[in-house]
Amino acid sequence: MLSDLPKDLAEEVLSKFPVTSLRRVRFTCKKWNTLSKDGSFTRKHIDKEEAKKKQRNEFHVVMMLDFRVSLFSLNLLKPNCIERLGQLVSLDDGDQVDISNIFHCDGFLLCTTKDISRLVVWNPCSGQTLWIKPRKSFNKLDRYALGYDVMKNHKVLRFVDHCNYRTEPLLREFEIYSFESDSWKVLDVNPDWEVDFVHRGLSVDGNSYWFARDKVSIWGGGHSYFLLCFDFTTERFGPRLALPFQPFFGDTVALSSVGDNQIAVLCQRSSSPYTLKIWISSKIEPNVVSWNKLFLKVDMKPLTGVSFSYSGGSFFVDEEKKVAVVLDKKIGGGFDPTRNIAYIIGKEGYFKKVDLGESRNLTCWPLGCSYVPSSVQINKKTA
């Protein structure tokens, strides 16, 4: 019987499974369930899997397509360069839950549900979940971020700041949830900036960054754009951080992480030739940012002929191969269905289009984030 296998042989068998598939084998027997949750085994398994990925020149990303979250492998040296490894199906009892947004930090995924009723933190590696109840209620205009303080206490930031044209708040709520205390705390924030709903927070080194702009009334002048950081240790927003460019209204702007402590920013002009530019930071902290030289510049008109959606623009960067992978939709017409598409763009005209499958939800734009599995446990408050 499987439960009779010696521990070293059981570890060898389990190590053949991808880390994010271990939840399925936990139902095999009680002994395997206990072993797969063991911290030392999980760390060894992760280290071995990461070494294999590096050897194969691939990295893993999490994508949300049509309200479902899946794990993908990217290896730009292979003809089939983007491969779906499997759907991350489990949120507690294996029920399918429609997810409308995802945020990654420290091996955890913060997921918001399509019906806006629930918020869940999830470690796909261990199968752990933490369902978070609202202090009062969640809102369809909420912005979220997942991070941790200097003591590695994980927290969730939620805020909504909905104003009229005179910048008078119609709904303003800033609050932070602590895993350690299992409670929300209201923050006193009166911002002179705003974050568009389509722009998601990006976690780097435990802190979160947004693409933001000045609040300007309908009678005011043009917007000024900048990066904004929320420091999860001080639980405060930092000063405005300079971007390496100034976008125009309607330009597509998106953020992505590069490694553990760098950030990439994409800007594509909304008018022809739809020039796409990407910069990578040389230093990023809550109070300071500096930028390397331009990483990538491509005129997109000869390639796609259109600009990426203002609501999309989710992307990844491969520094070594000098390419970017941008997620978007190809809107169908007539008998042609709408497709989720990954565009691989590089220097000297390198361009490749990868079909990620039919999209039946026109309002659900593909989202993605780099993912490294973690053995870190979700520290839930015990009664």
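Modeller: Let's start with a word we will need: two residues are in contact when heavy atoms of theirs lie within 4.5 Å. Keep in mind as well that this is a predicted model.

Colleague: Then which residues does histidine 223 contact, leaving aside its neighbours within four places in sequence?

Modeller: By that cut-off of 4.5 Å, histidine 223 is in contact with Glu194, Arg213, Asp214 and Val216. You will find histidine 223 in the loop between strand E14 (207–214) and strand E15 (225–231). Its C-alpha atom is separated by 9.8 Å from that of tryptophan 193, a residue 30 places away along the chain.

Colleague: Why is histidine 223 called partly exposed?

Modeller: Buried needs a relative accessible area under 20% and exposed needs one over 50%. Histidine 223 has 31%, so it falls in between and is partly exposed.

Colleague: What makes aspartate 66 buried, while aspartate 205 is partly exposed?

Modeller: Try the cut-offs again. Aspartate 66 has a relative accessible area of 16%, which is under 20%, so it counts as buried. Aspartate 205 comes to 45%, which is neither under 20% nor over 50%, so it is partly exposed.

Colleague: And what is noteworthy about the phi of aspartate 66?

Modeller: Its sign. Most residues other than glycine have a negative phi. Aspartate 66 is not a glycine, yet its phi is positive, near 50 degrees. This aspartate belongs to the hairpin of E1 and E2, which has two residues between the strands. Aspartate 205 also has a positive phi, of about 55 degrees, without being a glycine. Look for aspartate 205 in the loop between strand E13 (202–204) and E14.

Colleague: Which peptide bond is cis, and where does its proline lie?

Modeller: The cis bond joins serine 272 and proline 273, and its omega is about 10 degrees. Proline 273 sits in the loop between strand E18 (262–268) and strand E19 (276–285). As background, most peptide bonds are trans.

Colleague: How do you know that E1 and E2 are paired strands?

Modeller: A pair needs at least two bridges. E1 and E2 have seven bridges, in the antiparallel sense, so they pass. In this pairing, leucine 65 stands opposite arginine 68 in E2. E1 is also joined to E26, by four bridges and again antiparallel, so that pair passes too. There, methionine 63 stands opposite glycine 368, and methionine 64 faces leucine 367.

Colleague: What makes E3 and E26 the edges of their sheet?

Modeller: Follow the order first: this open sheet of four strands runs E3-E2-E1-E26, with antiparallel pairing. Strand E3 (82–87) and strand E26 (367–370) each have a single partner strand, so one side of each lacks a neighbour in the sheet. From one strand to the next, the twist averages 30 degrees.

Colleague: Why is E1 described as largely enclosed by the rest of the structure?

Modeller: Because six of its seven residues are buried. For the protein as a whole, 52% of the 383 residues count as buried.

Colleague: How do you know that cysteine 111 is in no disulfide?

Modeller: The count of disulfides comes to zero. For cysteine 111, the nearest cysteine sulfur is that of cysteine 369, 8.9 Å away. A disulfide needs the two sulfur atoms within 2.5 Å, so this pair does not qualify. Cysteine 111 is also buried, because its relative accessible area of 0% is under 20%.

Colleague: What makes a group of residues a nonpolar core, and how many residues has the largest one?

Modeller: Its members are buried residues of certain kinds, such as Leu, Ile and Phe, joined through side-chain atoms within 4.5 Å. The largest core here has 20 residues, and those with the most contacts inside it are Leu276, Ile278, Leu296, Phe315, Val317 and Ile345. Strands that give it two or more residues include E18, E19 and strand E22 (315–318). Another core, of 19 residues, lies apart from it and has Phe211, Phe245, Cys267 and Trp279 among its members.

Colleague: And which residues does phenylalanine 315 contact, again leaving aside neighbours within four places?

Modeller: Among them are Ala254, Leu255, Ala264, Leu266, Ile278 and Val325.

Definitions and conventions. Residues numbered from 1 in each chain as written. Predicted model: local features only at pLDDT ≥ 70, side-chain atom pairs only at ≥ 80, totals over all residues. Heavy atoms only, no water. Buried < 20%, exposed > 50% of the residue type's maximum accessible area, 1.4 Å probe, protein only. Axes fitted to C-alpha atoms, helices over the stretch in contact; angles between N-to-C directions.
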